[in-house]
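Hi everyone, thanks for coming. Let me put the model up, and then we'll walk through a few packing details together.

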Amino acid sequence: MAKVKLTIDNNTVEVEQGTSVLEAARQIGIKIPTLCYLKEINVIGACRLCIVKVQGARSYMASCTLPAAEGMVIWTHTPGLRQARRMIMELILSDHPMECLTCMRHGRCELQTMAESLGVRDIRFQRVSKTMYEKDESSPSIIREPKKCIYCRRCVSVCNSVQTVHAIGPQLRGFNTVIAPPYNLPLDKSVCVNCGQCSLVCPVGAIYEKDDTDRAWAALADPSKHVVVQTAPATRVTMGEAFGLPPGTPVTGRMVAALRRLGFDRVFDTDFTADLTIIEEGNELLHRVKNGGVLPQITSCSPGWIKFIEHFYPELLDHLSSAKSPQQMFGSLAKTFYAQKAGIDPKDIVVVSIMPCTAKKYEALRPEMEDSGYRDVDIVLTSRELGRMLKEACIDLANLPDEEYDDPLGLSTGAAAIFGATGGVMEAALRTVYEVVTGETLGNIDLVQVRGLEGIKEATIDLKGLPVKVLVAHGLKHARALMDRLKAGELKDYHFIEVMCCPGGCIGGGGQPIGTNSEMRQLRIDGIYKVDSAMEYRKSHENPAVKELYEQFLGEPLSEKSHHLLHTKYTGRSNHPEIGE
Amino acid sequence: MSCCQDHQHYDREVLAGFIEGYRGQPSGLIQVLSKIQQTTGFLPKDLMATTAERLDLSLTEVYGTASFYAFFTFRPRGRHGITLCNGTACYVKGAGQVLDSLEKELNIRAGDTTGDRKYSLDVVRCIGCCALAPVITIDEDVYAGVDPEKVPEILEKYE
């Protein structure tokens with residue numbers, strides 16, 4: 001790659017051709033303010049805050065879209081630039097509601113932070129926009145508040161180029177512009193898969209998770225209810241972030257302690273049903289292989305992915321494992337197996353989930369998810385919402401002692417923990433399938449080929465003469481690429497595909513801390529594998545509590561009872577629901 | 001797909017063939033949208049979806065582009081297009097009252113079409129004959145110095 005040399009604030013820097021001036025400056029520690037910029041995702045020069053002075057240029061130029069060139073001379077912080085940036089911010093604020101004190105993003109808003117750091121103390125411009133779009137609360141997962149939107153287009157870029165869902169985009173123009181589904185329809189009438197990646201990148205309070213904390217507080221305060229909580233694999237390496245711990249810090253025991261202090265009657269673990277998922281899904285795979293079933297089998301634990309395939313590839317639904325996600329398996333067991341064991345009427349049990357995911361809220365509401373005879377999962381909270389509840393209750397998670405999960409739905413293995421990272425379900429499944437098929441103990445259980453942030457990963461595992469070919473995709477762009485290949489008949493000799501909706505898997509889920517980026521994803525993945533290797537059991541089929549569940553309640557994998565409580569069906573949907581029938 | 005049950009008569013196959021000609025070409029979007037509007041009078045939802053499918057675009061992109069341009073409309077048009085000028089001269093000479101009268105008589109708002117698809121009503125800025133203010137045009141006919149009370153009489157001429 002050719003290099004170019006340029007001067008930024010009197011420092012010489014050499015960068016690869018094609019590097020933007022903004023990134024060149026960052027390489028030598030010079031920070032230029034940005035608002036709309038998202039490295040490699042949203043590079044459109046929309047907000048103009050990253051303007052720089054270029055020697056010989058007639059006007060200031062946006063450094064995010066300006067390629068570095070040989071001999072360029074750049075200044076990033078002249079008095080003129082400071083004045084211009086302040087005016088740009090004033091203009092943005094002139095069309096922004098000043099509701100900061102009651103905004104969802106109060107204190108954690110990029111616009112607020114940037115306005116403060118630019119020294120804006122007065123806005124000289126009158127608000128001229130007359131258009132005021134209503135809040136869209138139609139979706140069970142995501143709230144849109146268009147009046148707060150600053151048109152940075154980050155959400156659009158993520159929805160289009162990272163997830164290839166295209167649920168929302170800019171419509172109309174000028175002050176009437178709105179970022180919305182086509183025809184400005186509510187989100188629940190669109191192809192939105194509820195992944196919430198938009199909510200991770202919105203710099204302001206224009207897109208955020210549906211807040212269900214009030215419902216959780218009400219359940220906790222109701223003495224007639226027995227409130228149980230489950231914690232998703234990925235939450236144990238992200239819950240510390242809201243309390244100042246570095247991304248990826250395992251806080252499993254401290255999270256259990258915090259939940260107990262919030263008042264949950266039992267603190268259980270979604271990891272328990274993640275192990276169960278492996279048993280059911282692994283046996284389903286073996287059944288398909290032996291009986292000429294539809295292959296490759298595709299994982300079904302990611303609800304954003306499920307809605308995506310239902311909208312865009314309904315003809316491939318037979319490939320999906322019929323196994324419910326761990327969240328939903330937990331719900332149906334909590335209100336049957338656990339209710340029986342504890343002698344509690346299931347109608348008095350409230351199941352709360354702590355999830356890395358906004359789509360889990362939608363999944364819990366799917367009409368078919370009441371196999372226990374009740375709504376299997378009652379309240380889904382994202383890790384962000386749990387963080388807010390703990391802060392409101394003045395519980396400092398970071399400084400709590402470690403505590404253990406409750407029995408009987410609290411015991412799990414390392415195989416379940418790694419569900420939180422891309423490749424984890426595949427690795428967990430192969431640890432079990434290998435031993436079930438060969439009857440031998442797997443020596444090295446770390447299947448590193450399926451780990452990491454590469455978009456599509458591939459591995460072949462030799463089950464003593466039977467080569468099992470697997471693929472792993474995360475982020476719907478990569479899932480789409482695999483589905484196109486599957487449709488074209490190119491994946492006929494593969495057996496198993498893992499798909500996770502969000503980049504990085506659940507550790508990068510749409511309900512995780514705002515500002516999630518690749519570096520944070522990697523740190524959280526590292527944390528997840530740390531959790532795995534520290535576990536007593538690391539293969540799902542070794543989980544004694546799961547064995548007990550089969551002995552006492554389910555019978556065997558894929559039994560009638562398992563099918564009734566732990567498996568589900570999918571619904572083909574239109575890829576243009578916005579136009580109606 | 002059941003096509004266009006809702007709009008005026010036109011040759012569906014010719015239009016479908018035109019859209020097909022842009023298969024896999026997102027850059028042909030404006031040409032396709034223009035053709036649809038010329039042919040059907042507006043941009044029906046089902047043809048927006050067909051356009052998205054053929055050109056490898058999302059409906060969000062197709063709608064976003066179409067809604068950016070004032071030229072495109074998403075509502076069916078009437079057989080007769082009424083245009084009321086609200087430029088400076090017409091405004092001063094009472095275009096507002098003429099508009100009130102038209103809206104009352106047709107029972108629609110500016111920008112809409114009557115339920116029987118007979119009339120569409122639009123407001124524009126200056127059609128370039130200020131001496132005749134206030135002015136309306138219906139199809140190719142120009143009505144000068146319109147008296148709001150004469151509006152029903154004018155409309156009677158159109159079938």
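When I say contact or packing, I mean heavy atoms within 4.5 Å. Helices (H or I, at least four residues) and strands (E, at least two) are DSSP runs, numbered from the N terminus. This is a predicted model, where local features need pLDDT of at least 70, side-chain atom pairs count only at pLDDT 80 or more, and totals for chains, interfaces and linings use all residues. Residues are numbered from 1 along each chain as its sequence is written, chains are lettered from A and ligands numbered from 1 in the order in which they are written, and side-chain values use heavy atoms, leaving out hydrogens and water.

Let's begin with chain B. The buried residues of helix 2 (under 20% relative accessible area, 1.4 Å probe, protein chains only) include B:Leu29, B:Val32 and B:Ile36. What do the buried residues of helix 2 of chain B pack against? They meet helix 1 (12-20), helix 3 (45-55) and helix 4 (59-68) of chain B. Just after helix 2 of chain B, B:Gly41 has a positive phi of about 90°.

Now over to chain A. Helix 7 (residues 252-262) and helix 12 (residues 383-392) of chain A pack at about 60°, with axes 11 Å apart; axes are lines fitted to C-alpha atoms over the stretch in contact, and angles run from 0 to 180 degrees between N-to-C directions. At this pairing, A:Ala258, A:Leu259 and A:Leu262 of helix 7 meet A:Leu386, A:Met389 and A:Leu390 of helix 12.

One last stop: A:Met483. Beyond its neighbours within four places in sequence, A:Met483 contacts A:Ile298, A:Trp305, A:Ile309, A:Tyr313 and A:Leu316.

Methods:
Buried < 20%, exposed > 50% of the residue type's maximum accessible area, 1.4 Å probe, protein only.
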